[in-house]
Amino acid sequence: MKRTWLILVSALLISACSSSTSGTGGSAGAGGAGGDGGAGGAGGTALSYPLLDCDPLVPEFCGYPFPSNVYSVEDDTTASGRRVSFGDGLLRGANQSGPWDTCDGFSAGTPIMTFLPGLSGDELAGETDIDASLAADSPTIVLDAATGELVPHFAEIDIRAPTAEQRSLVIRPVVRLKDGARYIVAARKLTNEDDALIEASPVFAALRDETASSEPSVEARREVYEDIFAKLTEAGWDRDEVQIAWDFNTASDANNTQWLVHMRDEALQLVEDDGVIEYRIISVDPDYQSYNIAFRIEGEYRVPLYTDMPETGALLNFGDDGMPEVNTETPWAWVPFLLLIPNSATAEDPAAIVEYGHGLFGAKEEPTYGSQRHQLSFMNTYNYAYASTDLWGMDESDRTTAGGLLLTGQVSLLTTMFERLHQGFLNYVLLMRMMKTSFAEDETYGQYLKADEAYYYGISQGGIMGGVFLALTNDVERGALGVMGQPYSLLLFRASGLAPFLEIIEMSFPDKRMQQLLVALYQMLWDRVEPNGYNHHITENALPGSNVKTVLTRVAVGDHQVTNLAAQLMARTLKAKHVDSGVRDVWGVEEVSSTAAGESFYFCLLYTYDAADERTRG
């Protein structure tokens, strides 16, 4: 049965955090207190938290509210001073906590979730009224504990849930949260489907009303909740009206970026010590499309290998310092690449180099596919040579692996996607370096490349993941990101191309609340290899060894693959200016009629969809 489903799932997909066990310090079920979660954390206040497996604050569902500091412990070896520690109850199985034990906090792009029995959602500030989330009468609040700033957001119920018993309350910040910061979340005056106020759970009521409770975790977090309520009161909230409240700390910037930055720096040094980035040409087609393309070149280039194997399903190798290290048995791997040199490069000046990022579980050949072949004339018209390689971790070969691992119901196994993506992005960085150096000196074809002019262009997944490449590389100054967005946890529930993943997850986890929780858990790992962990380093505050970039971001209004909500969040993260196209206003993005040189900007285009679900420009 699973094999049959795996085949079907593969077909569907074509269409489109110091390590220890979770029991460290003790764990508890819904009715018991865990070990001491420790003091410390961001926000300027040293607070002590119990470590829980399932939080009786929400007795109906283990794992809610999420994220929460009761799922972390003090750890003075991490940049944040804390470390995530999940129990078997939350992860629905034993010995699955490993990938998350390396995280020193929760995602700065996390969905914020809880469960209130029978919630109607009538009072919530939706995605079209962000200002309502900042109003004095907002029923939900996300508060920066250190500064008292309100975080703009929208709140929604999970409309996929068949009944109110599986209906999560999901709060989605519309700006990227700060790294290494403490946030307080609360809800008030929410009603059920009978238009009656929802009562607080017994545990939360005891914390709010300062009454006695037999639940040990209540006494263990009295001090935390006095701090939470004091800050809510400062924000104008009446303590008696609060139905649920909790806090969490986001992960440090180092948590998200240090593995890839380490790999990039070490790999570049290794290839420099080696003299050049080696490459070899496998085939040259001078007649591929003679009216646009002079040469279609397929080849391979040699990179340091940081995973246990180059194939799909790989995992990173780690040294004693906790950093990824080169595979000692197979230290090098050959990575296939495609280079398209336009006719214009042979008739005029050499072509500027564009590294191309492919779409969802796609391949390096994407610019040659029927739906994308207009790019071939673009190359020839504007004299660009496209270089591309498969993004290991989310390329064509990874589709079946990802689907099969999700089918097992073992939530930790998908870590191969996130770890293999580290090697994939290293390959991206080294491809551009190779094109600008060793290949540009090729005796036959180097003359057609302009080594001092290079850019990045990606569409869909390539537009999304291009943010990681742009933050890491020091070989380009400008990039164009088409139909892009962040984070994946926002994209996943609104993208038709990712719907098969939810279908697979549902086979093992039919409860819609678990599906929401699982995606939030994966977001913590995705941050290390997706734009939510990197885009704030592109247009300012560049990563060490990198440079500030200028970025064009383009969104297709009505896109059912990459939601505009994620694109708008990315634009705000990049601090891009919105060039008025007459299509729509964008909350929180400065609108301008034109841009100055060196400015990053965001542009809306209107698209329609025909009956065959083909996207056409309107």
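Two residues are in contact here when heavy atoms lie within 4.5 Å of each other. With that idea in hand, the structure, which is a predicted model, can be explored from the whole chain down to a single helix.

The protein chain holds 15 helices and 22 strands. Its C-alpha trace spans about 80 × 55 × 50 Å along the principal axes. For a compact globule of 618 residues, a radius of gyration near 25 Å would be expected, and the chain's own value of 25 Å agrees with this. Of the 618 residues, 61% are buried. The chain exposes about 22,500 Å², and carbon and sulfur atoms supply 49% of that area. As for charge, there are 42 positive and 87 negative side chains, yet the centres of these two sets lie 2 Å apart.

A closer look at one element helps to bring this picture to life. Helix H3 covers residues 202-209, and 6 of its 8 residues are buried, so the helix is largely enclosed by the rest of the structure. Burial here means under 20% relative accessible area. The residues concerned are Val203, Phe204, Ala205, Ala206, Leu207 and Arg208, which form an unbroken run in the numbering from Val203 to Arg208.

What do the buried residues of H3 pack against? Their partners are two helices, H4 (216-220) and H5 (222-234), together with strand S10 (242-249). Just after H3 comes Glu210, where the phi angle is positive, near 55°.

Conventions
Residues numbered from 1 in each chain as written. Predicted model: local features only at pLDDT ≥ 70, side-chain atom pairs only at ≥ 80, totals over all residues. Heavy atoms only, no water. Buried < 20%, exposed > 50% of the residue type's maximum accessible area, 1.4 Å probe, protein only. Helix = DSSP H or I, 4+ residues; strand = E, 2+ residues; numbered from the N terminus. Rg over C-alpha atoms; globule rule 2.2 N^0.38 Å. Areas by Shrake-Rupley, 256 points an atom, 1.4 Å probe, with all protein chains shown as cover. Lys, Arg positive; Asp, Glu negative; His and termini not counted. Charge placed at Lys NZ, Arg CZ, Asp CG, Glu CD.
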